[in-house]
Amino acid sequence: MSAQKRLRIYFTGVGGQGSLTATALLARTALYAGVDVVAGEVHGMAQRGGVVESVLLLGGWRSPKLEYGEADIILGFEPLETLRGLPYLRKGGVVFSSSDAMPPVSVALGVESYPSMDEIRERVGAVASQSHFLPCRELGMKAGAVQAGNTVLLAALCASNLLPFGVDVFEKALQIFLPEKIKAANLKALEFGQDYIANA
Amino acid sequence: MSNPLLQGKGDECHLLLGNEAIVRGALEAGVHVVTCYPGTPSSEVPDTFRRLGGNGKQYTLQYSVNEKVAMEVACGASLAGAKALVTMKHVGLNVAADPLFTATYTGLPGGLVVLSADDPGFHSSQNEQDNRNYARAASLPCFEPSSAQEAKDMTKEAFRVARELEQPVLLRTTTRVNHMRGAVRFGDLPASRDDLVEFKRNPLRHVPVPAVAKVRHKVLEENMARAQEIAETSPFNVSHVPAAKPKLGVIASGISRSYVLDALEEKGWSDRVCVLELGMTWPLPERLIAGFMGDLERVLVVEENDPLLENGVRAIAQKKGLGVRIEGKGAILTIQGENSTPRLVQALAAFLGEPCEEAVIEPAANLPKRPPNLCAGCSHRAVFYAARKIFGDDAIYSSDIGCYTLGMLPPLKCADFLFCMGSSISAGSGFAMVAKKPVVGFIGDSTFFHSGMTGLANALFNEMDIIVVVLDNGTTAMTGHQPNPGMIQEQLGDVMRHLDIESIVRGIGVTQVRKVSSFNLRAVEKALEEFRDMSGVRVLIAEEPCALYARRSLGKGASRVAEVIAQGEETKKCVDSFACPAFCCQNGEYSVDKTLCTGCGVCLQVAPKSFRLVKRG
Ligand SMILES: Cc1ncc(C[n+]2csc(CCOP(=O)(O)OP(=O)(O)O)c2C)c(N)n1
Ligand code: SF4
Ligand code: SF4
């Protein structure tokens, strides 16, 4: 029997956003923190714009896979995908999501309509005990690179006291694992994510 | 730059993708030769070897043109004494089966490990065949890892066994294992790779004429008996017996072991069943399994897809006269799709007689979908549009495997049937033999080299009818842009050579050949129009690099973008019939998403009054 706190996180986003890179970064952080970790990804096809899902299981799980109702936390890199992934959340779980919509083709063409942010918040709120929607793109740009928006979301998660390690460990991991030229923007992004949770 | 896979010392611990762990395992084993044909979920193995840059130094890597060739090259290398690894996705092993079924007879002294990456659950495949069947059919010792650590360790062990027995060994993974990440504790890298096994000329072993093969079949049987002895005591076959020695047991293989153990722990049932984990799964360790079942009343066998382990366990019980009741596939543990922790909770609850209320969770209904789609600026779309314009529903479209299979989607609708790689030409010409309609076959460059050339030669040889469109985008796009002979020389470097598709087509003997730019709509249409009025084998080569590859690897940014200059009927028609994903429509107003547009200029040719290209600003 494992003594570690067991946690299951579901990541979802759109191809090209970097959600798999974010999953791997958090997994490396966990390993660095001495937490048992297994992550799972589904690499699909090369084309851009499809849904990309991944999972991270902390604290001694063996299976790299999640089913509906099993996730303690959802990390959504796009609000529509957060909503689509919501069935994975267990009742009372926690959601961290970007609030920046990336409309799929059918929406761009006006064939289908994108749910309003109010509707998304409401439907997420009906399942989650806590939910946070962050303007990741804007904060990422403010930090110096759009892609740093993913770090805003990860930092918010790390600062929330839900994980077996804190945002200080995540900061060290950024120092160790990121290439020099993107470090500054990501460290800035980390601050934004942390501040967001502090003021939430 | 140093990479831990290539330089990392023993006892270091790194987070690795399952496929990277296989690479590390092969390096620790001292692999000399790696061959492959890409295919999800196996591709990161060769792609990692390529990225590491050890090619020509620590090992020799090759992207072969198809799996049969990859297998034969690896068999040859292994016969010459090298430790060889050949990698492919599950369906690839069908292509490679012919040499494999006889290489097991000749035996391979250098040591050959065959990676078959299976795909239960259809994450990216046309079927979910279970390649453990090949272990049985061809007589291959088989390993099935369930974690990144095991992926490394079993790869290394597979090489040890392959060399010891001189028999090819199957490393059978599934998508979840290839694409999982986990901590991997390294072993040492070999001090020297100077350990080729010298080839001893011996046609009475290596040339399987019937008299030779007959003798070798016996040797194969003996070697498989030795393999069974290895399995009996393999550290990858372990049992967990709780102190109370319960009378119920579970036998599980591959990734299913993880779901079993997670389900037991989650429900607090760990001390209620004995568990036998099998990682080396062929030949079956019969004594180990019989010993495990000896005192048990009931056993549940857990595996994905076919009931192979289950049938084997039943046979062992029958042979040993054991009264144990064996359960396995059924309503909960189906032969379809993947197992999962909740599926195992359900199966174990039924097995233990525990209540299990199934939480029914509905997917969020009515959300706009994000289906995979050809990228904006994809060269395939332009050709499909032209084909539809010329032939409409009058032609039958014989498709093939690649990004272009997505041409099946409306409005392009350019795929009516498909079997496997290369079938566009051969099945297409077969269809045309019977149907009274023109058949247009679409085939990508990688697929053309894989198995299109033979079908083309056959169609010509037999005077068949078909219009073949080679969609030459200069890369193997679908699986992650691996090299193929159609790739331009600059990208192939000095270890691979570009082959010219047009010369090959003409060399085979096809005389009705046209070559156009995929983005030149008029030229594509004109060629197809001419072909429509001709008969026999006709080949159109439509060339233009994959948009994603051009941007990522060729460094071709879009200097221009399209914009809408007129609204109205003609614009709508273009949007509806060409359907570039860069098109937008808000409140009846059309526009182009500049972040997606590649400036390919095809929309301008479809509707010249509606679009224009402007400098990207
Ligand atoms: C026998 C077999 N091997 C490998 C694969 C995996 N696979 C699917 S598509 C593809 C390559 C497609 O490349 P290409 O024909 O150049 O088309 P593109 O994706 O570039 O449009 C491969 C290797 C497969 N489906 N079947
Ligand atoms: S990856 Fe390349 S070939 Fe595939 S859809 Fe995109 S542009 Fe087309
Ligand atoms: S130029 Fe036209 S067809 Fe080409 S990518 Fe841009 S919008 Fe699409």
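In this predicted model, Glu41(A) reaches across to Arg181(B) in a salt bridge, with the closest N and O atoms 2.5 Å apart. That pair belongs to the contact between chain A and chain B, where the count is 6 salt bridges. Polar contacts add to the picture, with 16 residue pairs between chain A and chain B, both partners at pLDDT 80 or more. On the chain A side, β1 (7–14), α1 (19–32), β2 (37–41), α2 (79–85) and α3 (105–108) each put in at least two residues. Of these, β2(A) gives the largest share, 5 residues. Counted by residue, 52 from chain A are in contact with 53 from chain B. Together the two chains bury about 4400 Å², and 58% of that sits on carbon and sulfur atoms.

Salt bridges turn up well beyond the interface too, with 53 counted over all chains. Take Asp118(B) and Arg172(B), whose closest N and O atoms are 2.8 Å apart in a salt bridge. Asp118(B) is in strand β5 (residues 112–118) and Arg172(B) in strand β7 (residues 169–174) of chain B, so this pair ties together parts 54 residues apart in sequence. Both ends are tucked away: Asp118(B) is buried at a relative accessible area of 0%, and Arg172(B) is buried at 4%.

Asp393(B) and Arg388(B) make another salt bridge, at 2.9 Å between the closest N and O atoms. Here the two ends part ways, as Asp393(B) counts as exposed at 53% relative accessibility, while Arg388(B) is buried at 18%. Glu543(B) pairs with Lys515(B) in a salt bridge of 3.6 Å, N to O. This one links distant parts of chain B, from strand β19 (residues 537–543) for Glu543(B) to strand β18 (residues 512–517) for Lys515(B), 28 residues apart. Glu543(B) is partly exposed, with a relative accessibility of 36%, and Lys515(B) is partly exposed at 36% as well. Elsewhere, salt bridges with shared partners knit Asp118(B), Asp130(B), Arg132(B), Glu144(B), Arg172(B) and Glu303(B) into one network.

Chain B splits into four stretches: domain 1 (4–232), domain 2 (237–352), domain 3 (379–552) and domain 4 (560–615). Going by C-alpha atoms, the centres of domain 2 and domain 3 of chain B are 48 Å apart.

As for nonpolar packing, the largest core has 79 residues, and the members touching the most others are Phe442(B), Leu456(B), Val469(B), Val505(B), Leu528(B), Val539(B) and Phe583(B). Helix α15 (residues 379–391) of chain B brings the largest share of this core, 8 residues. Domain 3 (379–552) and domain 4 (560–615) of chain B each contribute at least three residues to this core. Beyond its neighbours within four places in sequence, Phe442(B) is in contact with residues including Val383(B), Phe384(B), Ala387(B), Tyr397(B), Val469(B) and Leu471(B). Separate from this is a second core of 43 residues, with Leu26(A), Leu58(A), Leu139(A) and Leu157(A) among them.

Back in chain B, Ser64(B) sits in the loop between β3 (60–63) and α4 (67–79). Despite the loop setting, Ser64(B) is buried, at a relative accessible area of 6%. Its side chain meets that of Gln62(B) in a polar contact of 2.8 Å. Leaving out residues up to four places away in sequence, Ser64(B) touches Thr35(B), Cys36(B), Tyr37(B), Val69(B) and Ala70(B).

Note on methods
Residues are numbered from 1 along each chain as its sequence is written. Chains are lettered from A and ligands numbered from 1 in the order in which they are written. This is a predicted model: local features need pLDDT of at least 70, side-chain atom pairs count only at pLDDT 80 or more; totals for chains, interfaces and linings use all residues. Side-chain values use heavy atoms; hydrogens and water are left out. A nonpolar core is a set of buried Ala, Val, Leu, Ile, Met, Phe, Trp, Tyr and Cys residues joined through side-chain atoms within 4.5 Å. Buried means under 20% relative accessible area, exposed over 50%, partly exposed in between (1.4 Å probe, protein chains only). Helices (H or I, at least four residues) and strands (E, at least two) are DSSP runs, numbered from the N terminus. Domain bounds come from an automatic or database domain assignment. Contact means heavy atoms within 4.5 Å. Buried area is the accessible area (1.4 Å probe) that two parts lose on being put together, summed over both. A salt bridge is a side-chain nitrogen of Lys or Arg within 4 Å of a carboxyl oxygen of Asp or Glu. A polar contact is a pair of N or O atoms within 3.5 Å; within protein, one must be able to donate a hydrogen and the other to accept it, and residues adjacent in sequence count only if both atoms are side-chain atoms.
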